[in-house]
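Welcome! Let us take a friendly walk through this structure, starting with its sheet and helices and ending with its aromatic rings.

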Amino acid sequence: MYQVIIIEDDPMVAAIDKQYVEADSQFRVVRTFKSGGEALAHLPELKADLIILDYYTPGMNGTEFVDQLHTLGESPFIIAVTSANDTHIVQGLLARGVLDYLVKPFQFPRFRQALDRFLQARRLLEQGPGSMDQSAIDQLVHHREALPPGTSKCLMALLAISILTMNSRRKLK
């Protein structure tokens with residue numbers, strides 16, 4: 001069973017996160033914290049496999065939390081579940097190894113998809129000692145997912161560029 005920690009200062013969102021996580025019997029929420037600092041103090045004894053992380057918590061933001069987590073030598077998987085959608089925040093957390101990033105409000109199917117991504121990564125990494133083949137590494141690095149029928153990767157890239165361009169133009173106004 002995978003041990004999960006939730007870092008969320010809003011009790012209602014923390015309860016929803018817990019309900020969504022524990023809808024799958026492969027997961028158990030071992031503790032919920034209202035801040036990253038509080039979680040860091042208890043993390044070594046809890047041995048979390050997965051952290052559900054809100055970016056905006058008292059005393060420490062998500063980026064600071066991840067940096068301190070890595071300084072401690074801890075490396076659980078992290079799924080960000082947050083209202084923080086500024087490009088620099090998203091980019092910073094992804095660059096720090098966050099497995100998935102959900103923007104509030106979110107729906108259960110998207111949350112489930114993030115948990116499935118975690119399960120896939122863990123299964124690939126737990127295939128046994130030794131080395132990994134390129135296909136397994138590609139699945140980890142690129143999160144290979146099936147595209148909707150009739151959708152090409154090229155089209156998805158063009159859509160992403162269009163969205164980023166629109167967001168950049170809005171900020172310039």
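When a helix is said to run at an angle to a strand, the axes are lines fitted to C-alpha atoms, for helices over the stretch in contact, and the angle runs from 0 to 180 degrees between N-to-C directions. Keep in mind that this is a predicted model.

With that in hand, look at helix H3 (residues 62-71): it lies across E1, E3 and E6 and runs at about 160 degrees to E3.

**The sheet**

Those strands belong to an open sheet of 5 strands with parallel pairing, in the order E2-E1-E3-E6-E7. Which strands stand at the edges? They are strand E2 (27-33) and strand E7 (100-103); each has a single partner strand, so one side of each is left without a neighbour in the sheet. On average, and with direction ignored, neighbouring strands here are turned by 20 degrees against each other.

Strands of a sheet pair through backbone hydrogen bonds, either parallel or antiparallel. Strand E1 (residues 2-7) and E2 pair in the parallel sense, over 6 bridges. In one of these pairings, Ile 7 has Phe 33 of E2 as its bridge partner.

Helix H1 packs on the sheet as well, touching E1, E2, strand E3 (50-53) and strand E6 (77-82). The direction of H1 makes about 165 degrees with that of E2.

**Helix H6**

How many kinds of neighbours could we ask about here? Let us pick one helix. In H6 (residues 134-142), the buried residues are Ala 136, Asp 138 and Leu 140. These buried residues pack against H5.

**Aromatic rings**

A search of the whole structure finds 9 aromatic pairs. Two of them are set out below.

| Ring pair | Distance between centres | Angle between planes |
|---|---|---|
| Tyr 20 and Phe 108 | 4.9 Å | 65 degrees |
| Tyr 55 and Tyr 56 | 5.0 Å | 90 degrees |

Why is the pair of Tyr 20 and Phe 108 called edge-to-face? Planes over 60 degrees apart count as edge-to-face, and the planes of Tyr 20 and Phe 108 stand at 65 degrees, so this pair qualifies. Tyr 20 lies in helix H1 (residues 11-22) and Phe 108 in helix H5 (residues 108-125), so the pair ties together parts that are 88 residues apart in sequence. Phe 108 is partly exposed, with a relative accessible area of 30%.

The rings of Tyr 55 and Tyr 56 are edge-to-face too, with planes at 90 degrees. Is each of these residues buried or partly exposed? Tyr 55 counts as buried at 8% relative accessibility, whereas Tyr 56 is partly exposed at 39%.

Finally, ring pairs link Tyr 2, Phe 27, Phe 77 and Phe 118 into a cluster.

Definitions and conventions. Residues are numbered from 1 along each chain as its sequence is written. This is a predicted model: local features need pLDDT of at least 70, side-chain atom pairs count only at pLDDT 80 or more; totals for chains, interfaces and linings use all residues. Side-chain values use heavy atoms; hydrogens and water are left out. Rings of Phe, Tyr and Trp (its six-membered ring) pair if their centres lie within 6.5 Å; planes under 30 degrees apart count as stacked, over 60 as edge-to-face and the rest as tilted. Helices (H or I, at least four residues) and strands (E, at least two) are DSSP runs, numbered from the N terminus. Buried means under 20% relative accessible area, exposed over 50%, partly exposed in between (1.4 Å probe, protein chains only). Contact means heavy atoms within 4.5 Å. Two strands pair if DSSP finds at least two bridges between them.
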